[in-house]
Every structure is written in C-alpha cells, then in structure tokens.
Amino acid sequence: MFKEDILLGKTAYISGGTSGINLGIALTLARHGANIAIIGRDLEKAERAADTIRSAAPTVKVLCFSADVRDYDAIEDTMKQTSEQLGQLDIVIAGAAGNFFAPAVSISPKGFKTVVDIDLMGTFHVFRAGFDYCKKTTASFIAITAPQAVNATPLQAHVCAAKAGVNALLKTLAMEWGPSGIRVNGIAPGLTGDTEGLKRLFATDPDGGQKMIDALPIRRLGSVDDIGAAAIYLSSPLGAYVNGTVLDVDGGYQIGDASLDCLSPTR
Ligand code: COA
C-alpha cells in the first residue's frame with residue numbers, strides 16, 4: 001500500500017494518545033517510523049501506553065507526559081520538551097476528548113462547559129502551541145472530531161456543540177496556516193471497536209449495539225487500525241494536497257441507516 005517507513009524520522013505529538021483510538025494512531029505512526037510523544041492526564045497510564053508503543057516499534061523514540069489539554073501552559077511545556085528531545089514537530093494530533101451520554105436537561109452548565117473545554121478548547125490549545133513548535137512548510141495537524149459535529153445526536157448536545165466548533169476551527173486554521181505550509185485536517189471516526197466511547201454508547205442500548213452495527217452500510221465496526229491508516233494518509237506525503245477537510249472513517253455511518261432487509265447480502 002505504502003512504504004513501511006513512510007514516516008521515518010518524523011516527530012508526532014498526540015494528545016490523548018494513552019488509550020483507545022489515539023493510542024491506536026500512535027501505534028500506527030510508530031510502526032511506520034515516527035518518533036512519538038503521547039499526552040494523557042494519568043502518568044501511570046501514559047507510561048504503560050508508552051511501553052506498549054516501544055514493544056510494537058522498538059526502533060522509534062517514545063516520550064510520554066502527564067498534562068490536561070484544558071491547561072494551555074502544561075500543553076505548551078510538553079511541546080517544548082518534545083521538540084527539545086525529538087526535534088520540531090511534524091505531526092500534531094489533537095485527540096483528547098471527554099464525553100458522557102445525557103439528555104440536555106440533565107447536563108449542568110459545568111458539565112456542558114467541561115466537554116467544550118476538553119474538546120474545543122483542548123484542540124485549540126494543542127494546535128496553538130503546536131504552531132510554535134512545529135516544522136513550518138511540511139507539518140500536518142489533525143483533529144479527532146466526530147460525526148456529532150454535523151449530525152444532531154440525542155444525549156450529545158455538549159459534544160455536538162464542541163465538535164462543530166472543532167470542525168470550524170480546523171477549517172479556519174487550514175486557511176490561516178496553509179501559507180506557512182501547515183495542513184490542518186480532521187478525522188471523524190464512526191463506531192470504533194475496543195474503545196471506551198463505544199462501550200459507553202452500547203451500554204445506552206438495550207440491544208447492546210447490534211442494531212447499530214446492522215444499520216451500518218459496511219456491516220462491521222471500525223477498528224483503531226482503520227483510523228490509524230487515515231492518520232498515515234493525512235500526515236504523510238500521500239496527503240500532501242489535502243487541507244481543511246474532515247475525513248469520515250465510519251463505514252458509511254453518516255450516509256444513513258442501511259438496515260433494510262432487502263439490502264442484506266444473502267438476498
Ligand atoms: N451526566 C450529566 N452530567 C455529567 C455526567 C453525566 N453522565 N458526567 C459528568 N457530568 C458533569 C458532572 O456532574 C460535573 O458537573 P456538576 O459539577 O455541575 O455536577 C461536570 O460534568 C464535570 O464532571 P467531572 O467529573 O468533575 O469532570 P472531569 O473533568 O473529571 O471529567 C468528563 C470529564 C466529564 C468528560 C468525564 O466523563 C471523563 O473524564 N471521561 C473520560 C474520558 C472520556 O470521556 N473519553 C471519551 C470517550 S468517547
């Protein structure tokens with residue numbers, strides 16, 4: 001498909017890279033040669049994730065830090081340390097996110113603000129600090145956004161609002177920073193297996209999520225490797241002319257419900 005070492009010598013900074021989709025992205029980028037810095041709130045969890053990456057890709061350098069994306073100074077400090085130890089950043093991924101399922105009437109102003117602070121402010125913090133520490137002319141910035149950014153979704157008022165802001169932010173930055181050689185894009189994962197988000201979503205469904213899978217045009221959950229492959233595309237020369245776009249990696253989830261019996265492959 002593409003060269004194994006397509007990211008050899010590159011430096012990737014990944015907020016939220018200590019678990020789930022973002023750890024999957026970190027593993028994929030490391031397997032293709034990138035040195036990695038992952039950031040999470042829990043240092044022990046970050047250290048365990050860093051060891052996982054080192055085992056999967058023994059030749060790359062891996063750093064991990066404890067920092068909250070809501071704290072700009074802390075994020076800026078981790079970027080500074082990363083660029084001092086691994087070189088200027090080539091790839092900056094704003095992946096950290098917060099979510100819970102609740103009807104709007106059950107969300108307090110603080111609960112709403114918490115998610116906006118993590119998802120939207122956190123993305124701005126990572127990208128704004130990333131601008132100062134990245135390699136101009138060739139850097140790739142990626143926001144991990146969500147289908148909720150463009151689809152009203154019950155129990156997700158706070159996430160819909162925050163992720164809509166993320167999409168607007170990344171497109172604006174793509175315009176402003178394109179002339180500096182920084183491409184800014186997003187990835188919107190759909191239903192992705194082995195993630196905390198999916199476990200929580202399926203826990204809201206009496207059917208355990210099976211109908212949601214049956215409604216997917218592609219009839220299977222996504223994997224963290226599917227999202228990692230999209231990150232390789234956007235962050236490598238393969239995606240050199242892609243800027244200001246959101247890549248939906250969702251098996252057609254956003255096209256609509258494809259659960260009609262007449263669409264079953266057995267008919
Ligand atoms: N329903 C309604 N409100 C909720 C809630 C729920 N299920 N879960 C949290 N909140 C509210 C809290 O009640 C609190 O508001 P209040 O003080 O007015 O009651 C506010 O959100 C902040 O909660 P807190 O737990 O103090 O925030 P935190 O910073 O420790 O946690 C969250 C952040 C809320 C996003 C938490 O869900 C979290 O840490 N999640 C783990 C990471 C995650 O979500 N990953 C993404 C998977 S897709």
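Sorted by class, the residues that form the shell around the ligand comprise seven polar, four charged and four nonpolar ones. The model discussed here is a predicted one, and the ligand site is a good place to start reading it. In total, 15 residues surround the ligand, and Arg41, Arg70, Asn99, Phe100 and Ser108 are the closest of them. Two helices, α4 (109-133) and α6 (196-203), each supply at least two residues of this shell. The most generous contributor is α4, which gives four residues.

Several polar atoms of the protein and the ligand pair up at this site. On the backbone side, an N or O atom of Asn99 lies 2.9 Å from an oxygen atom of the ligand, while a backbone N or O atom of Ala97 lies 3.2 Å from a ligand nitrogen atom. A side chain takes part as well: an N or O atom in that of Arg200 is 3.4 Å from a nitrogen atom of the ligand. On its own, the ligand has 920 Å² of accessible area, and the protein covers 56% of it.

Attention now turns to the interior. The largest nonpolar core has 33 residues, among which Ile25, Leu29, Ile36, Ile38 and Ile53 touch the most other members. Strands and helices both feed this core: β1 (11-15), β2 (35-40), β3 (62-66), β4 (91-94) and β5 (140-144), together with α1 (20-31), α2 (43-56) and α8 (224-235), each supply at least two of its residues. With seven residues, α1 gives the most.

Leu29 offers a convenient view of how this packing is arranged. Leaving out residues up to four places away in sequence, Leu29 touches Leu7, Ala12, Ile14, Ala34, Ile36, Ile91, Ile93, Ala231, Ile232 and Ser235. A second core, separate from the one just described, holds 31 residues, including Val69, Phe127, Ala129 and Tyr133.

A polar residue of the interior also deserves a look. Ser15 lies in strand β1, and its relative accessible area is 1%. Because buried means under 20% relative accessible area, Ser15 counts as buried. What does the side chain of Ser15 reach at 3.0 Å? The partner is the backbone nitrogen of Gly95. Beyond its neighbours within four places in sequence, Ser15 is in contact with Asn22, Ile39, Val69, Ile93, Ala94, Gly95, Ala96 and Val126. One of these contacts, Val69, belongs to the second core, and another, Ile93, is also touched by Leu29.

Note on methods:
Residues numbered from 1 in each chain as written. Predicted model: local features only at pLDDT ≥ 70, side-chain atom pairs only at ≥ 80, totals over all residues. Heavy atoms only, no water. Near = heavy atom within 4 Å. Polar contact = N/O pair within 3.5 Å; in protein donor to acceptor, adjacent residues only side chain to side chain. Areas by Shrake-Rupley, 256 points an atom, 1.4 Å probe, with all protein chains shown as cover. Nonpolar A, V, L, I, M, F, W, Y, C, P; charged D, E, K, R; others polar. Core = buried A, V, L, I, M, F, W, Y, C linked by side-chain atoms within 4.5 Å. Buried < 20%, exposed > 50% of the residue type's maximum accessible area, 1.4 Å probe, protein only. Contact = heavy atoms within 4.5 Å.
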